[in-house]
Amino acid sequence: MKVPKEVYEELKDYCLRIARRGYVTAHGGNASIKSGNLMWITRHASSLENLKPEDVIQVSLEKPSSFDVLASLETIVHRQIYLETPNLAVLHAHPPISVALSFFMDEMIPIDTEGYYVLKKVPVVEGQPGSLELAKNVAIALKSYYAVIVRAHGVFAAAKYMDIAYQYLCMVEHSAEILWLTEVLKKSGLTLHKPKKF
Amino acid sequence: MGKCLTVNLSTKTLKTLDVDKELLLSFMGGRGLGVKLLWDLVPPSTKPFSEENILVFAVGPLTSTPIPTTGRFSIVSKSPLTGGIFYSSCGGFFGFKLKNVGFDYILVEGRSSTPIYLYIDDKNFELRDASHLWGKTTKETFKILEEDLGKDFSFVCIGPAGENLVRYACVMGGYGNFAGRGGLGAVMGFKRLKAIAVKGTGKPKIADEEGLAKALKNFRDRISWNPVLDKALAYYGTSALVNVINEHRILPTKNFQLNRFEDAENISGETLKEKIFVRRRSCYNCPVGCKRMTKTGSGREGEGPEFETLASLGSMLLIGDVEAVAEINYLCNDLGLDTISFGGTVACAMELSEKGLPDARVKWGDAETVKRLVVDTAYRRGLGRWLAEGSKIFSEKFGFAEASMNVKGLELPMYHPDGVFGQALAYATSNRGACHLNAYLISVEVLGYPYLMDRFSPVNKPSIVVYMQNLAAVMDSMVVCKFLGFEFDEETFANLLTLVTGKTFTQESLITIGERIWNLERVFNFKAGLGWETDRLPSRFKVPLQPMLKEYYRVRGWKPNGYPTKNKLKSLGLNVEDEC
Ligand code: SF4
């Protein structure tokens, strides 16, 4: 089950990036890369800030394996995403502003230009962590969108390439931050000027 | 106030007695209760094979409640394998039925002159002749008793290995359930107690039924959300661990000379499922269902093998064939042998054989010879006569003690200590000898439940081992399955105990009970001759044990010689007069 060096390096790099951005707590979040009928996924309870080769687990997409027990609790969600969408990389983190906003909305429509043009909309879904219900809700949302927020929990972003999944994840949090800031500024008495063309 | 049954096999007298409330509060039940009784009634220097040794079969305050996994019971005695205090927890239904009769424990004293069995139902209890059962395998014994008494009864029994005083003979507590370790079956054999049959139809009282029902909803949900309990154990049983442990290079192979088995895939959970799996089985009220019924290509069927057996009879002996391992396992079950100790002792013989010792004629990977040796050991024939003594005595007899992988005489379980420093410390300090169930560090060093620690670091390991040992002592005393430890801790258990008993338990009070039990076991062992010098690992291993041990003694509040300080014993309410 030895993880290929390049797979480990890629996961380590992006896990460190999301940890440095404060999108995960010490042992939170997970990431995976698909390869044929299997995926490489971060280990349950591993620290994304300090990912070791032993923290990357190979899991079959087709059938359960005894290694599943070592893999992230959200393996079921990653597996469902790969089974239902053509994505090849998935990132899951808990960026605080997206999570906070999820308590107030059923979908997030970015108001910043970049977020609006790329993401269009970010649905908010529900489900118990590690459950099939959550896996299905996330996978269905990712059929139409690049990222999805799980209410009170975190964000799943998926793409064909890890760097793009990372971009989507960052965009979701950035758009959430803009939304939040504009709401705060509105409440402080400033007048909102929406761009004429969007 | 509880009730107990005391049985004197020498005088054939049976009595029911009230159980002191204070005793139950201080030692809870199960293992704790048994340990206290052993301390009170058996001088530590007593020979395990003597009339003075006792056997305690005890249930706990949670037994037979609607809480999952509460059909278990504990057996306590002085072990013929280690010479120290020994406790073993057993699944199945026996504990459930015993509690339903209304007994907290059965205390067995003395020795019968002829084979007998103990019969218990709601109204009667008596000793019955067991000459027709003597010599029978565990399966045959169960079958005869079931035919005689009916399927409503649950049984514990021993096989020929117990009758022939094999030092690691086990007690079978229902099909596929064993109090496996430490030779408690041989203590039953010495006492000529072939079996106990019990049928209880009562129900223990629950102080807060409604509160318990509410708490159980969440309890069951959490089991169903836990990937180890609900997925790995349910889907593969404990065999899920073979590949996982092998990939971490901690699968004992070739008598611990190696840490990785080339043929692990052939004895893995996946292969077991594909080739020999028949169906899942559960103990009383257990949604996990980690037990496995299997059948080999030759048409033989039975229970297991569990992970420990797949390794002790597989990788340890270089037998990379799940069917062969299963068949050796069936034989051990039928004849009543602990598979870990048997595998460890045969592995030791194989190593000696490789070194050219002429009397130990058994080659690595030779499954057919191993099958023969199971029988020879159970009946103490030929080489089996020495294998029946366990690896420590066996290796010493052949002049090569280093080949025995034991702590305090108990063969090591199937996690190579060199790759899991915390587990290594747990082996070295366990009161019953090398044991993984007294503190299952694999949970935090490999599986990440409830958190993941650096398995090669000694930092914090002594504190974690102490905490886990105390918690395990309480779990064995409540009595619940250790696998619940993958999801629950003392907070949940304290709440459940409060709801069941109506007395207030806190996290702290539970851990203190565990600590009390642990310390009393430690004192007994010291006085039985198992002092600090037995807190060691075989020289083969390269674990930095000494610094961890020093820290462990300090965390426990023990003296540098590993004996509890006066203050520690006093603070736990243990009245131990003389010092060590
Ligand atoms: S988890 Fe397994 S050993 Fe524990 S009670 Fe359930 S079936 Fe028995």
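Chain A has an accessible surface of about 9400 Å² (Shrake-Rupley method, 1.4 Å probe, only the protein chains shown counting as cover for residues), and carbon and sulfur atoms hold 56% of that surface. The model is predicted: local features need pLDDT of at least 70, side-chain atom pairs count only at pLDDT 80 or more, and totals for chains, interfaces and linings use all residues. Residues are numbered from 1 along each chain as its sequence is written, chains are lettered from A and ligands numbered from 1 in the order written, and side-chain values use heavy atoms, without hydrogens and water.

**Chain A**

- Of the 198 residues in chain A, 53% are buried (under 20% relative accessible area, 1.4 Å probe, protein chains only).
- The radius of gyration, taken over C-alpha atoms, is 17 Å; the globule rule (2.2 Å times the number of residues to the power 0.38) gives 16 Å for 198 residues, so chain A is as compact as a globular protein of that length.
- Six helices (DSSP H or I, at least four residues) and eight strands (E, at least two) occur in chain A.

**Sheet in chain B**

- Strands S13, S14 and S15 of chain B form, in that order, an open antiparallel sheet, where pairing requires at least two DSSP bridges.
- The edge strands are S13 (277-281) and S15 (301-303) of chain B.
- Strand S14 (residues 291-295) and S15 of chain B pair over three bridges, with B:Lys295 opposite B:Glu301.
- Helix H12 (residues 322-335) of chain B packs on the sheet, touching S14 and S15 of chain B (heavy atoms within 4.5 Å).

Technical notes
Axes are lines fitted to C-alpha atoms, for helices over the stretch in contact, and angles run from 0 to 180 degrees between N-to-C directions. Buried means under 20% relative accessible area, exposed over 50%, partly exposed in between (1.4 Å probe, protein chains only).
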